[in-house]
Amino acid sequence: MSLSSALQQLASYRANNTRASQETFKKGVTILKSRNAPNLGEDGWAFLEQLALASIDIGRLDVADECTKQLSEKFPNSPRVAVLVGIRKEASESPESVLRYYDGVLEEDSANAAIWKRRISVLKRIGKTEKAVDELSKFLDTFYTDVEGWLELADIYSSCNQYTSSLQALSHALVLAPQNPFTALQFAETAYTAGDLPLALKMFLVVTEMVERDIPAPEDSAPTGISVRAWWGVKLCSRRLIESPPSSPSASDTPVPKTIKLIDELATERVLTSYSGEQGAEGRQLVSQWISAY
Amino acid sequence: MLGRVFLIVATIAIFHAAFSAYEHLSQLKALERPEGQLPPDIILETLFALALGIIGASLNAPPLKEITWASEMRKHKIDDMDSRLGFANFVNRGRNISSQLGQSSQRSAKVS
């Protein structure tokens, strides 16, 4: 595995926010050992940061220390290096001392969003969920456009089974990132978990439309990737809506579509098509059994 | 492959035409004749090199990428879009598992 292809792979991990720590560590350590002087140019520092985070993630604190040392020598008073030092402290010190360190950094520079996020993450890790949610709401009042923060808030609310608040946070994320089908899919699945089936059905259909928007004839090709998940969602919602029509109106006042039976047929066909190629061969039997049971 | 060959041939042809034009003009200057029209074969060579270079550059171009947002989103995975690295928890049980890598087992004894 040549150095340049490893570097390219790591750059794509950075661009896509992938957290493949084991892979990053394996490739990064060979690159770190091979270079004596930083000849990677501007990307070298971002690579060191990425390698430091990956090593902390899998427990190799020695490699992380080396990367942090190089970075702090080059950038002495950088807020980004302060975040890295804080994460390294999280791995070896008690949470209280880490929180004190973060408070110290925030006193000097109260607009350091990354340090604030780390503080919230530590609070969530030690179990102070209420305090974490309060801090996160304050953070999002200040930095409204942080999509990551809204997704994190939705995740915390979902884990506490407060699905309405989670849906509210996700709708803020949807406003900020309207073309992102992944956020809409999370919204649909949270609505399904909360029991609001018409809303979930509507959002699943929105996701399928968003993903297949640029295909000229989507009915001719099998769904791939996230649209399989969305069509599954449509199938589940329509099946439950047909079997037991909800007695009470949905919590969000979304009406059930009149053509629900046609939607059910379409979703069945789409789900079966997506398992019809060689990729879906393993699940095909189970899927057709499950579908024919209803 | 073919595009690169065309590009190299076109580059050689254009250098050759330029050098011939220079030689021709210096010959005219040596004979003290007024500078007239360039010989037509040099002009033909230049135009040929231009056409071949355009074809070679078009064939040598990297593969085209799609422009719609939907096609871009199809390339991403859910784990990448939902990774929330700013809030990520880097203190997990992985450090106790990777004990065969050496030092982490000592550190895990220090942290409870």
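## Exercises on a predicted two-chain model

A:Tyr102 is buried, its relative accessible area being 0%, where buried stands for under 20% relative accessible area, exposed for over 50% and partly exposed for what lies in between (1.4 Å probe, protein chains only). The model is predicted, so that local features need pLDDT of at least 70 and side-chain atom pairs count only at pLDDT 80 or more, while totals for chains, interfaces and linings use all residues. Residues are numbered from 1 along each chain as its sequence is written, chains are lettered from A in the order in which they are written, and side-chain values use heavy atoms, with hydrogens and water left out.

### Exercise 1

Determine how A:Tyr101 and A:Tyr102 are arranged as an aromatic pair.

**Solution.** Begin with the rule, by which rings of Phe, Tyr and Trp (its six-membered ring) pair if their centres lie within 6.5 Å, and planes under 30 degrees apart count as stacked, over 60 as edge-to-face and the rest as tilted. The count by this rule is 10 aromatic pairs over all chains. In the pair of A:Tyr101 and A:Tyr102 the centres are 5.8 Å apart and the planes make an angle of 50°, and the pair is therefore tilted. Turning to exposure, A:Tyr101 has 22% relative accessibility and is partly exposed, whereas A:Tyr102 is buried at 0%. A further step leads to an aromatic cluster made up of A:Trp116, A:Phe139, A:Phe143 and B:Phe87.

### Exercise 2

Find how many disulfides the whole structure has, and state the exposure of A:Cys67 and A:Cys160.

**Solution.** With a disulfide taken as a pair of cysteine sulfur atoms within 2.5 Å, the search over all chains returns zero. A:Cys67 is buried, with a relative accessible area of 0%, while A:Cys160, at 39%, is partly exposed.

### Exercise 3

Describe the secondary structure and the surface of chain B.

**Solution.** Count helices (H or I, at least four residues) and strands (E, at least two) as DSSP runs, numbered from the N terminus; chain B then has six helices and zero strands, in the order α-α-α-α-α-α along the sequence. Of its 112 residues, 26% are buried. The accessible surface of chain B, by the Shrake-Rupley method with a 1.4 Å probe, is about 8,400 Å², and carbon and sulfur atoms hold 64% of this surface.

### Exercise 4

State what the UniProt record places at residues 98-191 of chain A, and describe this stretch.

**Solution.** The unreviewed UniProt entry gives "domain: EMC2 TPR-like" for these residues, an annotation that may be inferred rather than shown by experiment. Over residues 98-191 the chain is 81% helix and 0% strand, with the end C-alpha atoms 37 Å apart.
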